[in-house]
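Open the model in your viewer and keep the selection panel at hand. The stops below say what to select and what is there.

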Amino acid sequence: MLVGTVLRKRYKIVGRLGGGAFGETYLAEDLDLPYHPKCVVKHLRSKNTKSEVLYVARRLFESEAESLSRLSQFSNQIPKLFAHFEENGEFYLVQEFVDGHDLSAEIIPGIVWSESAVVKLLQEILEVLVVVHQQNIIHRDIKPQNLMRRREDNKIVVIDFGAVKEIKGLVADTQGQVTSTIIIGSQGYMPNEQANGKPKLCSDIYAVGMIGIQALTGIIPHQLPEDPSSGEVIWRKWANVSNKLADVLTKMVRYNFSQRYQSVPEALEALALVSPPTSLSANWWKLLFPKQALVGTGVLAMLMIITLTWLTKTTPHTDDNDNFTQLPCDSKLSPDSLPPLPKKSPDKEFKDSKYYGSFDNNLNGKGSLMFENNRFYGNFINGNLTGCGVILYSPTVKGEKKYVSVGQFVDNKLNGLGKITWEDGVEYRGNFKNGKCEGLGILKFADGTLKKGIWKKGNLPGSQSTCNR
(Lines give C-alpha, C1' and ligand atoms only; values in the text may rest on other atoms or scores of the structure.)
Protein backbone atom coordinates (compact mmCIF):
# COMPACT_ATOMS: atom_id res chain seq x y z
CA MET A 1 0.00 0.00 0.00
CA LEU A 2 1.42 3.35 -1.01
CA VAL A 3 2.13 6.19 1.39
CA GLY A 4 -0.64 8.75 0.93
CA THR A 5 -3.39 6.17 0.36
CA VAL A 6 -6.59 7.13 2.18
CA LEU A 7 -8.83 4.29 3.37
CA ARG A 8 -12.54 4.92 3.86
CA LYS A 9 -11.89 8.60 3.16
CA ARG A 10 -10.52 8.82 6.70
CA TYR A 11 -7.30 6.90 7.42
CA LYS A 12 -4.29 8.28 5.56
CA ILE A 13 -1.27 5.98 5.31
CA VAL A 14 1.91 7.85 6.32
CA GLY A 15 4.40 5.01 6.65
CA ARG A 16 4.98 1.28 6.90
CA LEU A 17 5.63 -0.17 10.36
CA GLY A 18 6.29 -3.75 9.37
CA GLY A 19 5.00 -6.85 7.71
CA GLY A 20 5.40 -10.55 7.25
CA ALA A 21 3.64 -13.69 6.17
CA PHE A 22 0.32 -12.57 7.59
CA GLY A 23 -0.03 -9.02 6.28
CA GLU A 24 1.28 -5.49 6.49
CA THR A 25 1.10 -2.93 9.29
CA TYR A 26 1.05 0.79 8.59
CA LEU A 27 1.16 4.03 10.53
CA ALA A 28 -1.79 6.25 9.59
CA GLU A 29 -3.46 9.53 10.47
CA ASP A 30 -7.15 9.84 11.34
CA LEU A 31 -8.29 12.72 9.13
CA ASP A 32 -11.71 12.94 10.80
CA LEU A 33 -10.32 14.02 14.17
CA PRO A 34 -8.62 17.29 15.19
CA TYR A 35 -4.83 17.32 14.87
CA HIS A 36 -5.02 14.04 12.85
CA PRO A 37 -3.92 11.65 15.63
CA LYS A 38 -1.82 8.62 14.71
CA CYS A 39 -3.30 5.14 14.49
CA VAL A 40 -2.22 1.72 13.24
CA VAL A 41 -3.76 0.03 10.19
CA LYS A 42 -3.35 -3.73 9.80
CA HIS A 43 -3.97 -4.99 6.28
CA LEU A 44 -4.72 -8.69 5.87
CA ARG A 45 -5.64 -10.67 2.82
CA SER A 46 -6.46 -14.30 2.16
CA LYS A 47 -4.46 -16.17 -0.45
CA ASN A 48 -7.61 -17.97 -1.52
CA THR A 49 -10.49 -16.02 -3.08
CA LYS A 50 -13.05 -18.85 -3.18
CA SER A 51 -16.41 -17.82 -1.78
CA GLU A 52 -16.39 -20.46 0.96
CA VAL A 53 -12.92 -19.36 2.06
CA LEU A 54 -13.91 -15.70 2.14
CA TYR A 55 -16.97 -16.64 4.20
CA VAL A 56 -14.81 -18.28 6.88
CA ALA A 57 -12.24 -15.47 6.66
CA ARG A 58 -14.98 -12.92 7.22
CA ARG A 59 -16.28 -14.85 10.22
CA LEU A 60 -12.78 -15.09 11.73
CA PHE A 61 -12.19 -11.42 11.11
CA GLU A 62 -15.45 -10.37 12.77
CA SER A 63 -14.78 -12.63 15.74
CA GLU A 64 -11.29 -11.23 16.23
CA ALA A 65 -12.50 -7.65 15.93
CA GLU A 66 -15.16 -8.34 18.55
CA SER A 67 -12.55 -9.88 20.88
CA LEU A 68 -10.17 -6.93 20.51
CA SER A 69 -12.96 -4.45 21.12
CA ARG A 70 -14.07 -6.31 24.24
CA LEU A 71 -10.54 -6.71 25.66
CA SER A 72 -9.69 -3.03 25.36
CA GLN A 73 -12.72 -2.22 27.51
CA PHE A 74 -11.22 -4.21 30.37
CA SER A 75 -7.65 -2.91 30.19
CA ASN A 76 -5.86 0.14 28.83
CA GLN A 77 -2.83 -2.12 28.27
CA ILE A 78 -4.48 -3.60 25.19
CA PRO A 79 -4.76 -1.27 22.15
CA LYS A 80 -8.23 0.08 21.42
CA LEU A 81 -9.93 -1.02 18.21
CA PHE A 82 -11.16 2.03 16.27
CA ALA A 83 -12.52 0.37 13.14
CA HIS A 84 -12.62 -2.84 11.11
CA PHE A 85 -13.76 -3.23 7.55
CA GLU A 86 -13.46 -5.32 4.40
CA GLU A 87 -12.77 -4.14 0.87
CA ASN A 88 -12.47 -6.43 -2.17
CA GLY A 89 -11.83 -9.53 -0.08
CA GLU A 90 -9.10 -7.79 1.94
CA PHE A 91 -9.46 -6.98 5.63
CA TYR A 92 -8.41 -3.96 7.66
CA LEU A 93 -8.11 -3.31 11.39
CA VAL A 94 -7.57 0.21 12.70
CA GLN A 95 -6.12 0.29 16.21
CA GLU A 96 -4.67 2.65 18.78
CA PHE A 97 -1.06 3.65 18.15
CA VAL A 98 1.22 2.76 21.07
CA ASP A 99 4.07 5.23 21.44
CA GLY A 100 6.99 3.31 22.88
CA HIS A 101 9.33 0.43 22.13
CA ASP A 102 8.90 -3.32 22.13
CA LEU A 103 10.75 -5.48 24.64
CA SER A 104 13.34 -6.61 22.10
CA ALA A 105 14.94 -3.23 22.86
CA GLU A 106 15.35 -4.35 26.49
CA ILE A 107 15.88 -8.11 26.25
CA ILE A 108 19.05 -8.19 24.18
CA PRO A 109 21.01 -11.39 23.40
CA GLY A 110 24.10 -11.62 25.59
CA ILE A 111 22.86 -9.19 28.25
CA VAL A 112 21.80 -10.89 31.50
CA TRP A 113 19.12 -9.45 33.78
CA SER A 114 19.08 -9.61 37.55
CA GLU A 115 16.61 -11.99 39.18
CA SER A 116 14.52 -9.21 40.70
CA ALA A 117 14.22 -7.48 37.32
CA VAL A 118 13.01 -10.72 35.74
CA VAL A 119 10.42 -11.25 38.48
CA LYS A 120 9.08 -7.75 37.94
CA LEU A 121 8.92 -8.22 34.17
CA LEU A 122 7.06 -11.52 34.47
CA GLN A 123 4.54 -9.95 36.83
CA GLU A 124 3.99 -7.01 34.49
CA ILE A 125 3.24 -9.31 31.55
CA LEU A 126 1.07 -11.73 33.50
CA GLU A 127 -1.03 -8.94 34.98
CA VAL A 128 -2.18 -7.99 31.47
CA LEU A 129 -2.79 -11.63 30.56
CA VAL A 130 -5.15 -11.95 33.53
CA VAL A 131 -7.64 -9.81 31.61
CA VAL A 132 -7.06 -11.67 28.33
CA HIS A 133 -7.58 -15.11 29.85
CA GLN A 134 -10.63 -14.00 31.83
CA GLN A 135 -12.29 -13.57 28.44
CA ASN A 136 -11.17 -17.10 27.50
CA ILE A 137 -8.89 -15.69 24.79
CA ILE A 138 -5.47 -17.19 24.09
CA HIS A 139 -2.98 -14.71 22.65
CA ARG A 140 -0.83 -17.43 20.99
CA ASP A 141 2.10 -15.20 20.07
CA ILE A 142 3.56 -13.78 23.27
CA LYS A 143 7.16 -12.74 22.57
CA PRO A 144 9.26 -9.59 23.19
CA GLN A 145 8.28 -8.07 19.82
CA ASN A 146 4.58 -8.22 20.78
CA LEU A 147 5.04 -6.55 24.15
CA MET A 148 5.34 -2.77 24.00
CA ARG A 149 6.77 -0.55 26.74
CA ARG A 150 4.52 2.50 26.54
CA ARG A 151 6.49 5.73 26.78
CA GLU A 152 4.01 7.81 28.80
CA ASP A 153 3.69 5.48 31.80
CA ASN A 154 6.30 2.73 31.22
CA LYS A 155 3.62 0.02 31.29
CA ILE A 156 3.51 -3.14 29.20
CA VAL A 157 0.98 -3.14 26.34
CA VAL A 158 0.14 -6.47 24.67
CA ILE A 159 -0.26 -6.25 20.89
CA ASP A 160 -0.74 -8.47 17.81
CA PHE A 161 -3.25 -11.09 18.90
CA GLY A 162 -3.07 -14.21 16.78
CA ALA A 163 -6.50 -15.18 15.50
CA VAL A 164 -6.64 -12.90 12.44
CA LYS A 165 -3.45 -14.48 11.18
CA GLU A 166 -5.43 -17.61 10.37
CA ILE A 167 -7.07 -15.72 7.50
CA LYS A 168 -3.84 -15.90 5.52
CA GLY A 169 -3.74 -19.69 5.61
CA LEU A 170 -7.36 -20.59 4.90
CA VAL A 171 -7.82 -23.28 2.23
CA ALA A 172 -10.77 -25.31 0.96
CA ASP A 173 -10.64 -29.01 0.12
CA THR A 174 -12.51 -30.72 -2.70
CA GLN A 175 -15.60 -31.05 -0.49
CA GLY A 176 -15.61 -27.34 0.28
CA GLN A 177 -14.43 -27.79 3.88
CA VAL A 178 -12.32 -24.81 4.94
CA THR A 179 -9.36 -25.17 7.28
CA SER A 180 -6.33 -23.09 8.20
CA THR A 181 -2.81 -24.22 7.31
CA ILE A 182 -1.27 -21.62 9.63
CA ILE A 183 0.06 -22.49 13.08
CA ILE A 184 0.14 -19.29 15.11
CA GLY A 185 3.19 -18.78 17.30
CA SER A 186 6.91 -18.11 17.20
CA GLN A 187 9.79 -20.56 17.44
CA GLY A 188 11.13 -20.86 20.96
CA TYR A 189 8.10 -19.27 22.61
CA MET A 190 5.53 -21.79 21.33
CA PRO A 191 4.95 -25.03 23.30
CA ASN A 192 4.41 -28.38 21.63
CA GLU A 193 0.61 -28.52 22.01
CA GLN A 194 0.32 -25.14 20.27
CA ALA A 195 2.62 -26.31 17.47
CA ASN A 196 0.19 -29.22 17.04
CA GLY A 197 -2.70 -26.79 16.62
CA LYS A 198 -4.20 -27.31 20.11
CA PRO A 199 -3.26 -24.22 22.18
CA LYS A 200 -4.34 -23.91 25.82
CA LEU A 201 -4.47 -20.94 28.16
CA CYS A 202 -1.28 -22.28 29.73
CA SER A 203 0.40 -22.06 26.30
CA ASP A 204 0.65 -18.30 26.90
CA ILE A 205 2.15 -19.00 30.33
CA TYR A 206 4.82 -21.11 28.62
CA ALA A 207 5.71 -18.17 26.37
CA VAL A 208 6.00 -15.79 29.32
CA GLY A 209 8.26 -18.28 31.11
CA MET A 210 10.53 -18.49 28.07
CA ILE A 211 10.82 -14.69 28.05
CA GLY A 212 11.95 -14.86 31.69
CA ILE A 213 14.52 -17.54 30.85
CA GLN A 214 15.75 -15.46 27.91
CA ALA A 215 16.30 -12.43 30.17
CA LEU A 216 18.10 -14.52 32.82
CA THR A 217 20.41 -16.33 30.40
CA GLY A 218 20.85 -13.81 27.58
CA ILE A 219 20.09 -16.68 25.18
CA ILE A 220 17.36 -16.59 22.51
CA PRO A 221 14.86 -19.39 23.36
CA HIS A 222 15.17 -21.37 20.13
CA GLN A 223 18.93 -21.61 20.74
CA LEU A 224 18.44 -23.47 24.05
CA PRO A 225 18.78 -27.26 23.88
CA GLU A 226 16.06 -29.71 24.88
CA ASP A 227 16.33 -32.97 26.79
CA PRO A 228 15.88 -35.62 24.06
CA SER A 229 14.08 -38.00 26.42
CA SER A 230 11.63 -35.58 28.07
CA GLY A 231 11.47 -32.60 25.71
CA GLU A 232 12.16 -30.23 28.62
CA VAL A 233 14.15 -27.04 27.91
CA ILE A 234 17.69 -27.09 29.33
CA TRP A 235 18.61 -23.64 30.65
CA ARG A 236 19.60 -23.50 34.35
CA LYS A 237 23.34 -23.95 33.83
CA TRP A 238 23.45 -20.63 31.97
CA ALA A 239 21.58 -18.66 34.64
CA ASN A 240 22.58 -17.23 38.01
CA VAL A 241 19.21 -17.83 39.64
CA SER A 242 17.77 -18.88 42.99
CA ASN A 243 16.09 -22.26 43.32
CA LYS A 244 12.77 -20.52 44.04
CA LEU A 245 12.64 -18.61 40.78
CA ALA A 246 14.18 -21.50 38.82
CA ASP A 247 11.43 -23.81 40.08
CA VAL A 248 8.71 -21.32 39.07
CA LEU A 249 10.13 -20.88 35.57
CA THR A 250 10.62 -24.62 35.15
CA LYS A 251 6.96 -25.17 35.95
CA MET A 252 5.89 -22.40 33.56
CA VAL A 253 7.71 -24.08 30.65
CA ARG A 254 7.01 -27.76 31.28
CA TYR A 255 6.79 -29.80 28.07
CA ASN A 256 3.58 -31.44 29.25
CA PHE A 257 0.96 -28.68 29.54
CA SER A 258 -0.83 -30.48 32.40
CA GLN A 259 2.28 -30.00 34.57
CA ARG A 260 2.35 -26.21 34.09
CA TYR A 261 0.50 -23.54 36.04
CA GLN A 262 -3.01 -23.81 34.67
CA SER A 263 -3.94 -20.16 35.22
CA VAL A 264 -2.23 -16.78 35.29
CA PRO A 265 -3.31 -16.07 38.91
CA GLU A 266 -1.64 -19.33 39.95
CA ALA A 267 1.62 -18.26 38.29
CA LEU A 268 1.39 -14.78 39.84
CA GLU A 269 0.93 -16.30 43.28
CA ALA A 270 4.06 -18.42 42.83
CA LEU A 271 6.10 -15.40 41.67
CA ALA A 272 4.95 -13.34 44.65
CA LEU A 273 6.69 -15.83 46.95
CA VAL A 274 10.03 -15.68 45.12
CA SER A 275 11.32 -12.35 46.49
CA PRO A 276 10.48 -10.27 49.56
CA PRO A 277 7.60 -7.82 48.97
CA THR A 278 8.49 -4.14 48.78
CA SER A 279 5.47 -2.37 47.32
CA LEU A 280 2.11 -3.16 45.81
CA SER A 281 1.84 -3.38 42.06
CA ALA A 282 0.62 0.03 40.98
CA ASN A 283 -2.24 -1.31 38.87
CA TRP A 284 -3.51 -4.26 40.93
CA TRP A 285 -6.85 -2.55 41.56
CA LYS A 286 -7.50 -2.26 37.81
CA LEU A 287 -7.43 -6.04 37.60
CA LEU A 288 -9.97 -6.32 40.42
CA PHE A 289 -12.28 -3.60 39.16
CA PRO A 290 -12.15 -3.24 35.36
CA LYS A 291 -14.72 -1.14 33.57
CA GLN A 292 -17.12 -4.06 33.70
CA ALA A 293 -17.24 -5.64 37.14
CA LEU A 294 -16.01 -9.22 37.57
CA VAL A 295 -18.47 -11.66 39.05
CA GLY A 296 -18.40 -14.96 40.92
CA THR A 297 -15.73 -16.54 43.06
CA GLY A 298 -13.02 -15.35 40.67
CA VAL A 299 -13.15 -11.90 42.31
CA LEU A 300 -12.28 -13.30 45.72
CA ALA A 301 -9.56 -15.50 44.28
CA MET A 302 -8.05 -12.59 42.39
CA LEU A 303 -8.16 -10.41 45.52
CA MET A 304 -6.26 -13.01 47.54
CA ILE A 305 -3.67 -13.58 44.81
CA ILE A 306 -2.98 -10.09 43.53
CA THR A 307 -2.59 -8.65 47.02
CA LEU A 308 0.34 -11.07 47.26
CA THR A 309 1.78 -9.78 43.97
CA TRP A 310 4.55 -7.26 44.63
CA LEU A 311 6.91 -5.50 42.29
CA THR A 312 10.50 -4.59 43.04
CA LYS A 313 11.97 -1.47 41.48
CA THR A 314 15.05 -2.42 39.52
CA THR A 315 16.69 -2.26 36.12
CA PRO A 316 18.34 -4.87 33.91
CA HIS A 317 21.82 -5.67 35.16
CA THR A 318 25.06 -7.17 33.96
CA ASP A 319 28.19 -7.76 35.99
CA ASP A 320 31.15 -5.55 35.19
CA ASN A 321 33.09 -8.42 33.66
CA ASP A 322 30.22 -9.58 31.40
CA ASN A 323 30.90 -9.83 27.70
CA PHE A 324 29.07 -7.34 25.54
CA THR A 325 26.03 -8.53 23.63
CA GLN A 326 26.72 -10.67 20.57
CA LEU A 327 25.68 -8.68 17.53
CA PRO A 328 23.84 -10.47 14.72
CA CYS A 329 26.33 -9.08 12.20
CA ASP A 330 29.53 -9.80 14.16
CA SER A 331 30.24 -13.09 12.45
CA LYS A 332 29.87 -11.53 9.01
CA LEU A 333 31.44 -8.11 9.24
CA SER A 334 34.16 -6.29 11.09
CA PRO A 335 36.25 -3.23 10.23
CA ASP A 336 39.39 -5.36 9.92
CA SER A 337 37.83 -7.83 7.51
CA LEU A 338 36.49 -5.44 4.87
CA PRO A 339 37.46 -6.54 1.38
CA PRO A 340 39.93 -4.27 -0.40
CA LEU A 341 38.52 -1.96 -3.03
CA PRO A 342 38.88 -3.36 -6.54
CA LYS A 343 41.70 -1.87 -8.60
CA LYS A 344 39.32 -0.58 -11.23
CA SER A 345 36.98 2.26 -11.94
CA PRO A 346 33.88 2.51 -9.71
CA ASP A 347 30.83 0.54 -10.79
CA LYS A 348 28.73 3.67 -10.15
CA GLU A 349 30.14 7.16 -9.74
CA PHE A 350 28.56 10.45 -8.72
CA LYS A 351 29.84 13.91 -7.88
CA ASP A 352 30.75 13.13 -4.25
CA SER A 353 30.51 9.33 -4.03
CA LYS A 354 31.62 6.12 -5.69
CA TYR A 355 30.08 2.62 -5.53
CA TYR A 356 32.12 -0.57 -5.87
CA GLY A 357 30.36 -3.93 -6.05
CA SER A 358 27.31 -5.58 -7.56
CA PHE A 359 24.68 -2.85 -7.98
CA ASP A 360 21.73 -2.53 -10.31
CA ASN A 361 20.56 0.73 -11.85
CA ASN A 362 18.69 1.63 -8.65
CA LEU A 363 21.81 1.05 -6.54
CA ASN A 364 20.52 -2.13 -4.94
CA GLY A 365 23.20 -4.66 -4.15
CA LYS A 366 26.24 -5.33 -2.01
CA GLY A 367 29.57 -3.59 -1.90
CA SER A 368 31.22 -0.35 -0.83
CA LEU A 369 30.19 3.29 -0.95
CA MET A 370 33.14 5.69 -0.85
CA PHE A 371 33.13 9.37 0.05
CA GLU A 372 36.26 11.50 0.32
CA ASN A 373 37.11 10.33 3.85
CA ASN A 374 34.45 7.74 4.66
CA ARG A 375 33.59 4.23 3.60
CA PHE A 376 30.30 2.33 3.89
CA TYR A 377 30.26 -1.42 3.30
CA GLY A 378 27.41 -3.93 3.31
CA ASN A 379 23.97 -4.33 1.77
CA PHE A 380 22.41 -1.38 -0.07
CA ILE A 381 18.82 -0.54 -1.00
CA ASN A 382 18.28 2.48 -3.24
CA GLY A 383 21.87 3.54 -2.63
CA ASN A 384 21.62 3.52 1.18
CA LEU A 385 23.29 1.07 3.55
CA THR A 386 20.42 -1.15 4.78
CA GLY A 387 20.92 -4.45 6.60
CA CYS A 388 24.20 -5.66 8.08
CA GLY A 389 27.00 -3.23 7.43
CA VAL A 390 30.03 -1.24 8.51
CA ILE A 391 30.73 2.49 8.39
CA LEU A 392 34.27 3.88 8.75
CA TYR A 393 33.74 7.55 9.49
CA SER A 394 36.51 10.14 9.39
CA PRO A 395 34.88 13.52 10.13
CA THR A 396 35.84 16.69 8.37
CA VAL A 397 34.11 18.84 11.00
CA LYS A 398 36.43 20.11 13.71
CA GLY A 399 35.74 18.57 17.12
CA GLU A 400 34.05 15.41 15.86
CA LYS A 401 35.74 12.08 16.56
CA LYS A 402 36.58 9.33 14.12
CA TYR A 403 34.51 6.19 14.69
CA VAL A 404 33.58 2.76 13.35
CA SER A 405 29.95 1.51 13.30
CA VAL A 406 29.02 -2.16 12.89
CA GLY A 407 25.51 -3.58 13.00
CA GLN A 408 22.03 -3.32 11.51
CA PHE A 409 21.42 -0.26 9.32
CA VAL A 410 18.42 1.40 7.72
CA ASP A 411 19.19 4.21 5.25
CA ASN A 412 22.78 4.65 6.49
CA LYS A 413 21.75 4.87 10.15
CA LEU A 414 22.08 2.18 12.80
CA ASN A 415 18.65 0.74 13.58
CA GLY A 416 18.56 -2.36 15.77
CA LEU A 417 21.57 -4.03 17.37
CA GLY A 418 24.95 -2.48 16.72
CA LYS A 419 28.07 -0.94 18.14
CA ILE A 420 30.10 2.22 17.70
CA THR A 421 33.79 2.43 18.60
CA TRP A 422 35.39 5.90 18.72
CA GLU A 423 39.06 6.66 18.17
CA ASP A 424 39.59 7.39 21.88
CA GLY A 425 38.61 3.82 22.81
CA VAL A 426 35.05 4.53 23.98
CA GLU A 427 32.52 1.96 22.74
CA TYR A 428 28.72 1.70 22.86
CA ARG A 429 27.09 -1.66 22.21
CA GLY A 430 23.36 -2.24 22.22
CA ASN A 431 20.21 -0.95 20.56
CA PHE A 432 19.93 1.96 18.13
CA LYS A 433 17.10 3.93 16.56
CA ASN A 434 17.77 6.34 13.70
CA GLY A 435 21.48 6.32 14.49
CA LYS A 436 21.09 7.18 18.18
CA CYS A 437 21.51 4.92 21.20
CA GLU A 438 17.93 3.93 22.02
CA GLY A 439 16.96 1.05 24.28
CA LEU A 440 19.08 -1.26 26.38
CA GLY A 441 22.82 -0.81 25.89
CA ILE A 442 26.28 -0.45 27.45
CA LEU A 443 28.77 2.40 27.08
CA LYS A 444 32.32 1.28 27.81
CA PHE A 445 34.98 3.92 28.47
CA ALA A 446 38.66 3.52 27.66
CA ASP A 447 39.47 2.79 31.33
CA GLY A 448 36.95 -0.09 31.39
CA THR A 449 34.22 1.80 33.24
CA LEU A 450 30.71 0.78 32.16
CA LYS A 451 27.47 2.75 32.00
CA LYS A 452 24.49 0.44 31.48
CA GLY A 453 20.78 1.02 31.16
CA ILE A 454 17.97 2.01 28.82
CA TRP A 455 19.11 4.89 26.60
CA LYS A 456 16.89 7.62 25.19
CA LYS A 457 17.94 9.57 22.07
CA GLY A 458 21.62 9.02 22.75
CA ASN A 459 21.54 9.78 26.46
CA LEU A 460 21.27 7.67 29.61
CA PRO A 461 18.48 9.22 31.77
CA GLY A 462 19.57 10.11 35.26
CA SER A 463 23.25 10.39 34.36
CA GLN A 464 25.61 12.60 32.37
CA SER A 465 26.47 9.74 30.02
CA THR A 466 25.92 10.26 26.31
CA CYS A 467 26.89 8.50 23.11
CA ASN A 468 26.31 11.64 21.04
CA ARG A 469 29.98 12.28 20.36
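Is the crossing of helix 2 and helix 6 left-handed or right-handed? To settle this, select helix 2, residues 115-134, and helix 6, residues 264-272. The model is a predicted one. The crossing of these two helices is left-handed.

**Stop 1: helix 2 against helix 6**

Two numbers serve to describe a pair of packed helices: the angle between the axes and the distance separating them. For helix 2 and helix 6, the angle is about 160° and the axes lie 9 Å apart. Angles over 145 degrees count as roughly antiparallel, so helix 2 and helix 6 are roughly antiparallel to each other.

Now show the side chains in the contact. From helix 2, select Val119, Leu122, Gln123, Leu126, Glu127, Leu129, Val130 and His133. They meet Val264, Ala267, Leu268, Leu271 and Ala272 of helix 6. Coloured by class, the residues of this contact come out as 10 nonpolar, two polar and one charged.

**Stop 2: helix 2 against helix 5**

Keep helix 2 and add helix 5, residues 243-252. Here the packing angle is about 35°, and the axes are 12 Å apart. Helix 2 passes helix 5 in a left-handed crossing. On the helix 2 side, the contact is made by Glu115, Val118, Val119, Leu122 and Leu126. Leu245, Leu249 and Met252 make it on the helix 5 side. Seven of the residues in this contact are nonpolar, none is polar and one is charged.

**Stop 3: Lys244**

Stay on helix 5 and select Lys244, which belongs to that helix. Is Lys244 buried or exposed? Its relative accessible area is 53%, and the cut-off for exposed is over 50%, so Lys244 counts as exposed.

Which residues does Lys244 contact, once its neighbours within four places in sequence are left aside? They are Leu273 and Val274. For a distance label, pick the C-alpha atoms of Lys244 and Ala270: they are separated by 9.0 Å, with the two residues 26 apart along the chain.

**Stop 4: the salt bridges of Arg10**

Clear the selection and pick Arg10, in the loop between strand 1 (6-7) and strand 2 (11-20). Its side chain meets that of Asp30 in a salt bridge, at 2.7 Å from N to O. The pair links distant parts of the chain, since Asp30 is in strand 3, residues 23-30, and 20 residues separate the two.

Arg10 also forms a salt bridge with Asp32, where the closest N and O atoms are 3.7 Å apart. Asp32 lies in the loop between strand 3 and strand 4 (38-45), 22 residues from Arg10, and this pair too links distant parts of the chain. Arg10, Asp30 and Asp32 are thus linked in a network of salt bridges.

Switch to a surface view to compare the three residues. Arg10 is partly exposed, at 24% relative accessible area. Asp30 is buried, at 5%, whereas Asp32 is exposed, at 52%.

**Stop 5: Arg429 and Glu427**

Finish with Arg429 and Glu427, which form a salt bridge with the closest N and O atoms 3.7 Å apart. Buried means under 20% relative accessible area. Arg429, at 9%, is therefore buried, and Glu427, at 15%, counts as buried as well.

How many salt bridges does a search of the whole structure find? The search finds 15.

Notes. Residues are numbered from 1 along each chain as its sequence is written. This is a predicted model: local features need pLDDT of at least 70, side-chain atom pairs count only at pLDDT 80 or more; totals for chains, interfaces and linings use all residues. Side-chain values use heavy atoms; hydrogens and water are left out. A salt bridge is a side-chain nitrogen of Lys or Arg within 4 Å of a carboxyl oxygen of Asp or Glu. Helices (H or I, at least four residues) and strands (E, at least two) are DSSP runs, numbered from the N terminus. Buried means under 20% relative accessible area, exposed over 50%, partly exposed in between (1.4 Å probe, protein chains only). Axes are lines fitted to C-alpha atoms, for helices over the stretch in contact, and angles run from 0 to 180 degrees between N-to-C directions. Angles under 35 degrees count as roughly parallel, over 145 as roughly antiparallel, 65 to 115 as roughly perpendicular and the rest as oblique. A crossing is left-handed if the near helix is turned anticlockwise from the far one by less than a right angle, and right-handed if clockwise. Contact means heavy atoms within 4.5 Å. Ala, Val, Leu, Ile, Met, Phe, Trp, Tyr, Cys and Pro count as nonpolar, Asp, Glu, Lys and Arg as charged, and the others, Gly among them, as polar.
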